Amino acid sequence: MPGPSRLRARLPTALVTLPALLVIPFAASPAAAEPAPEPSAFETRVTPAEYYADLMADEPEGAAVVVDPAVSGLHDPEDLEADLREAFDALGEPYHVVVSPFPGTGPEWGGQLLPALHDRLGADGLYVHLRPETALFDAEAYGVPLPVDDARSALMSDPDIDYDAPVDQVAERFVLALTGSGDGGAAAPAPYGEPSAGDRFAEGWRDFLDDLDPTSHNGPGNTGFLAGTLGGFVLGGGGYLVWLRVRRGALGVSGAAVAGGTATVTLVLAAAVSLGPLTHVVGVPEGGAEVTSPREEAFASPPYVVSTVRVEQIARELEENPGPLYVDPRTPLPLAGLAATAARLDDAPVPVRALVLPLDPADEFSGDPEVLAYSLAAVSGEDAVHLVVDHRFSEAGVRVSASAVGLGNVDAYDLWNATSEIEEPTPALALDAALDALEGVELREGANAGEPYFMDSGIDPPGPRVPRYFSEGFPAGLLFLGPLAFLSLLGLAALARLLLSGAGKRGTRAVGSHALRRTARRESRRLRAVLGSGRADGIPDELMPQAEAVLIAMAHDPDDLDHVGAIVVSRRVLAALKDPEGAAGRPPCLVNPLHGPSTTSLRSRVAKGRVPMCASCARAGEAARAARVLRVRDRLGGELRYLSMDDRVWVQHHFGTERPTRMAERLLEEIDAR
């Protein structure tokens with residue numbers, strides 16, 4: 001130690017200072033004997049570029065692939081790494097690939113990862129940042145002749161790539177586009193603009209086949225309904241032929257034989273038409289919605305995650321840290337004051353563990369702090385109140401979530417009620433506020449701990465296919481709709497005016513679900529193409545969270561109102577890109593948002609206060625205006641005015657024109673709750 005070595009080396013000086021050395025131990029406080037927590041333990045940040053550059057130092061030169069353990073809820077990291085190496089090796093150029101939800105796309109992260117990563121590594125090659133559960137990715141080429149921008153544009157315009165395509169599929173198609181050896185070759189990126197009639201037909205045909213997919217929730221029922229309707233159509237045709245024979249006086253043995261033969265053939269054909277598709281329905285292997293994802297299966301029992309690599313690391317660091325506080329060095333949040341906060345945690349009335357880290361819907365916790373809390377308790381075996389701090393979605397400040405795991409004296413509702421309204425700019429202040437709130441929570445034995453919400457949030461897989469084939473519309477199609485369709489053809493001339501007049505009365509109010517879906521997919525695909533191109537820089541910052549939320553909503557079982565929102569927001573973003581000073585900033589027509597931006601606002605019985613509306617609705621009378629209010633179908637199939645669905649985010653925020661950032665956040669919450 002320094003003291004003894006100096007004593008031997010410079011004895012005279014030591015003798016002079018000996019009295020002072022003897023006094024110091026008595027003057028020092030008892031706390032001085034304890035090593036104080038170093039601020040660096042909790043307040044030192046590591047940028048994502050530094051973090052992944054350190055991991056790439058152990059990778060093969062020119063063939064670096066780093067898969068963040070956070071993606072283990074969706075992919076096996078080792079298998080994914082092997083697949084990505086195989087894909088990018090085909091380029092014959094150096095590559096550096098990161099697969100991680102971090103850093104995210106929000107402004108709190110301070111920009112893209114790849115330029116900073118290239119600066120730290122200083123190596124030429126292709127740099128790619130792939131994010132799970134999205135086809136949007138970042139790519140840059142440094143010192144290598146690769147057409148990155150053209151390849152990315154071609155990929156984003158590829159109709160076979162869904163917005164939530166898996167990482168390995170995105171990587172494979174990107175490499176094909178870079179080399180020009182696939183359908184998405186970089187030599188001919190898809191042009192931006194209105195789709196052709198052929199493209200619209202192909203899109204409609206794909207939608208039709210998706211609706212009949214036997215592995216989906218509604219596929220067997222839709223197929224049974226269609227087959228039953230076609231069988232009923234055959235029954236209607238055969239019945240009509242028999243009726244004609246009888247009506248023309250076809251009596252006697254020969255006439256009866258002809259009528260009987262016609263009826264027999266009709267029944268056989270109807271049975272073949274209505275039951276034939278069942279062989280296809282039961283013959284397709286299990287998949288799609290019938291297979292529960294590994295992440296949903298993991299929610300059912302401890303440790304609640306597919307892979308415990310990341311949560312085990314958190315548990316180890318909590319055990320080694322000087323206080324029950326874990327700070328992920330990659331977090332974009334300000335870390336000042338956390339060392340002092342860590343000292344408060346041990347003084348809490350109940351055991352507390354605090355975690356400051358980034359979360360994302362695509363990570364192994366599904367971005368849910370409660371999953372993290374229960375998983376950590378299961379791995380570590382320690383019960384406590386877990387305080388998880390993360391950044392708010394597209395907003396300044398932080399959010400803190402509190403979960404009491406394994407404690408029998410903390411009521412779950414009381415804890416939530418005390419901490420749910422905390423809004424602070426930094427993790428230290430948020431944790432301090434949570435600790436203050438925790439002191440006010442009544443501790444009592446036998447308190448209601450509650451069940452974790454995430455255990456009830458999954459979607460139950462559909463039942464057997466055969467019962468769904470026959471129960472969801474098959475009888476109605478066979479016995480009613482099919483014969484009615486045939487009879488409608490016979491009376492087409494007489495019924496045309498009635499049907500057209502009926503459609504005209506409804507056309508100002510209702511749009512078919514299939515038409516809405518086709519239009520929404522077309523508009524969102526145009527939006528996705530823009531986001532994946534260089535034109536994305538021209539989109540106003542306030543519209544970007546809405547645009548991303550729309551694409552996510554379109555990938556998670558959207559209903560009619562989601563389709564309306566996707567159409568309105570996509571058209572607004574594209575209009576703002578074309579003319580930033582134009583009508584895109586005005587709210588849509590409240591009578592029917594599909595009419596486009598409003599031109600004026602008038603008092604009307606359609607809604608309270610002044611109602612923004614288009615010029616056509618403004619000229620209409622009050623009765624006609626009320627009849628024009630858009631009607632959509634809810635998830636139960638009922639048709640109703642969209643304004644009556646005031647519990648939905650789209651209606652509450654007027655499709656993004658009122659508090660747009662909050663709408664994007666709540667829309668993602670609504671999607672997670674489905």
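Which elements do the buried residues of α6 pack against? The points below take up that helix and then two helix pairs and a loop glycine, all in what is a predicted model.

1. Helix α6 covers residues 114-121, and its buried residues are L114, L117 and H118. When the helix is viewed down its axis, these buried residues fall within an arc of 100°, so they line one face of α6. The partners of the buried residues are α4 (48-56) together with the strands β2 (95-99), β3 (125-130) and β4 (137-142). After α6 comes G122, a residue whose phi is positive, near 65°.

2. The pairing of α5 (residues 77-89) with α8 (residues 167-179) can be described by two values, since their axes come within 9 Å and cross at roughly 5°. An angle under 35 degrees counts as roughly parallel, and that makes α5 roughly parallel to α8. On the α5 side the contact is made by L80, D83, L84, A87 and F88, which meet V167, D168, A171, F174 and V175 of α8. Sorted by class, this contact has 8 nonpolar residues and 2 charged ones, with no polar residue taking part.

3. A second helix pair is formed by α14 (residues 338-345) and α17 (residues 427-439), which pack at an angle of about 20° with their axes 9 Å apart. These two helices are therefore also described as roughly parallel to each other, and the crossing in which α14 passes α17 is left-handed. From α14, the residues L338, T341, R344 and L345 meet a set in α17 that consists of P427, A428, L431, D432, L435, D436 and E439. By class, the contact of α14 with α17 has 6 nonpolar, 1 polar and 4 charged residues.

4. A last point concerns G180, which is placed in the loop between α8 and α9 (197-211). Is this glycine buried, exposed or partly exposed? Its relative accessibility is 44%, and G180 therefore counts as partly exposed, given that the partly exposed class lies between the limits of under 20% for buried and over 50% for exposed. Along the chain G180 and P147 are 33 residues apart, while their C-alpha atoms are separated by 9.7 Å.

Note on methods:
Residues are numbered from 1 along each chain as its sequence is written. This is a predicted model: local features need pLDDT of at least 70, side-chain atom pairs count only at pLDDT 80 or more; totals for chains, interfaces and linings use all residues. Side-chain values use heavy atoms; hydrogens and water are left out. Axes are lines fitted to C-alpha atoms, for helices over the stretch in contact, and angles run from 0 to 180 degrees between N-to-C directions. Helices (H or I, at least four residues) and strands (E, at least two) are DSSP runs, numbered from the N terminus. Angles under 35 degrees count as roughly parallel, over 145 as roughly antiparallel, 65 to 115 as roughly perpendicular and the rest as oblique. Contact means heavy atoms within 4.5 Å. Ala, Val, Leu, Ile, Met, Phe, Trp, Tyr, Cys and Pro count as nonpolar, Asp, Glu, Lys and Arg as charged, and the others, Gly among them, as polar. A crossing is left-handed if the near helix is turned anticlockwise from the far one by less than a right angle, and right-handed if clockwise. Buried means under 20% relative accessible area, exposed over 50%, partly exposed in between (1.4 Å probe, protein chains only). The arc is that of the directions from the helix axis to the C-beta atoms.
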